[in-house]
Amino acid sequence: MFTLEIIKAIVLGIVEGLTEWLPVSSTGHMILVDEFMSLNVSKAFMDMFLVVIQLGAILAVVTLNFDRLNPFSKRKTYLKKRQTISLWGKVIVGCIPAAVIGLAFNDYMEEHFMNAQVVAFTLILYGVLFIIVENYNKHRTPSIKDIDYLDYKTALIIGFFQVLSLVPGTSRSGSTILGGILFGTSRVVATEYTFFLAIPVMFGASALKLFKFGFNYTFEEVILLLVGMVVAFTVSIISIKFLLRYVRTNDFKAFGWYRIILGLIVFVYFYFQG
């Protein structure tokens, strides 16, 4: 029976690794997956598991960009080191809104908005917004084409967009990418900044969940966590590389249409489930 639970953890890790970075809402996908193949664990552990496996996903960003994010690299010139420190400063500034507002309202949002109807609505809403924003952006030239030229004001504005992802189904990456595009960044800069912005946010969220759950795990629970994290890490490597290649020559309309279709599926399915 435990083998079956490991298989479920693998599937959840795959879903997390794919949907955490693509602007399609990992929550919406997790709700669907959980409906058909829920782990045989307590609700408290499951809530913690779904957040903590994100550590695997975020470690993929760190691994792929370790030299770029390391201000102490001996291969970097003095200028490059200053640019790296400045990048971390912009990441910290962008995290402030989520840290302040998120800590205050996260539990409330999970308790009152973590349901299929809200997820379906936000999937569709932001799908439509992606299409509208891309049509609006079609004839605009981005003013920020390199992440080194991202200013602190724009970083803070994108950080406020990240707060929108407190509503389940929004997508953290989706909301921040939309914010970046609307306020003058190229798709590549918006996507890269979204990846870096996730590092402190997801580490913080995972640490908070681990603290709340406590550290009394069974051997089976430890195995499930490790399996989920390793799979999420591996799939995230592929997902991140794909998205960065994709946005260099494509817009986000395809993800918008995908969100709309998924939102309709979630709504119809749970409507008939009662």
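**Tyrosine 217**

I began with tyrosine 217 in this predicted model, and I found the residue in the loop between H10 and H11. Its relative accessibility is 23%, and because buried requires a value under 20%, I entered tyrosine 217 as partly exposed. I then listed its contacts, leaving aside the neighbours within four places in sequence, and obtained Phe45, Met48, Leu210, Val222 and Leu225. For one of these, phenylalanine 45, I also looked up the C-alpha separation from tyrosine 217, which is 9.2 Å although the two residues lie 172 residues apart along the chain.

**Helix H1**

Next I checked the length of helix H1, residues 2-19: at 1.5 Å a residue its 18 residues should span 26 Å, and the end C-alpha atoms are 26 Å apart, so the two values agree. I noted as buried in H1 the residues Glu5, Lys8, Ala9, Leu12, Gly13, Val15, Glu16, Gly17 and Thr19. When I read this list I kept in mind that an α-helix has 3.6 residues a turn, so residues three or four places apart point the same way. As for what covers them, the buried residues of H1 pack against H2 (26-36), H3 (43-52), H4 (54-64), H10 (187-213) and H11 (219-249).

**Two serines with positive phi**

I looked up serine 25, which sits in the loop between H1 and H2 and has a positive phi of about 80° although it is not a glycine. With 1% relative accessibility, serine 25 counts as buried. Serine 171, in the loop between H8 (152-163) and H9 (172-182), likewise has a positive phi, near 90°, in a residue other than glycine. Serine 171 is also buried, with a relative accessible area of 8%.

**The chain as a whole**

Turning to the whole protein chain, I recorded 12 helices and zero strands. The radius of gyration is 19 Å, which agrees with the value near 19 Å that a compact globule of 274 residues would have, and the C-alpha atoms fill a box of roughly 55 × 45 × 35 Å along the principal axes. Buried residues make up 51% of the 274 residues. Of the contacts with a separation of 6 or more, 81% join residues 24 or more positions apart.

For the surface I noted an exposed area of about 13700 Å², of which carbon and sulfur atoms supply 69%. Last, I compared the mean positions of the 23 positive and 18 negative charges, and these are 13 Å apart.

Technical notes. Residues are numbered from 1 along each chain as its sequence is written. This is a predicted model: local features need pLDDT of at least 70, side-chain atom pairs count only at pLDDT 80 or more; totals for chains, interfaces and linings use all residues. Side-chain values use heavy atoms; hydrogens and water are left out. Helices (H or I, at least four residues) and strands (E, at least two) are DSSP runs, numbered from the N terminus. The radius of gyration is taken over C-alpha atoms; the globule rule is 2.2 Å times the number of residues to the power 0.38. Buried means under 20% relative accessible area, exposed over 50%, partly exposed in between (1.4 Å probe, protein chains only). Contact means heavy atoms within 4.5 Å. Accessible areas come from the Shrake-Rupley method with a 1.4 Å probe; for residues, only the protein chains shown count as cover. Lys and Arg count as positive and Asp and Glu as negative; His and the chain ends are not counted. The place of a charge is taken as NZ of Lys, CZ of Arg, CG of Asp or CD of Glu. The expected span of a helix is 1.5 Å times one less than its number of residues.
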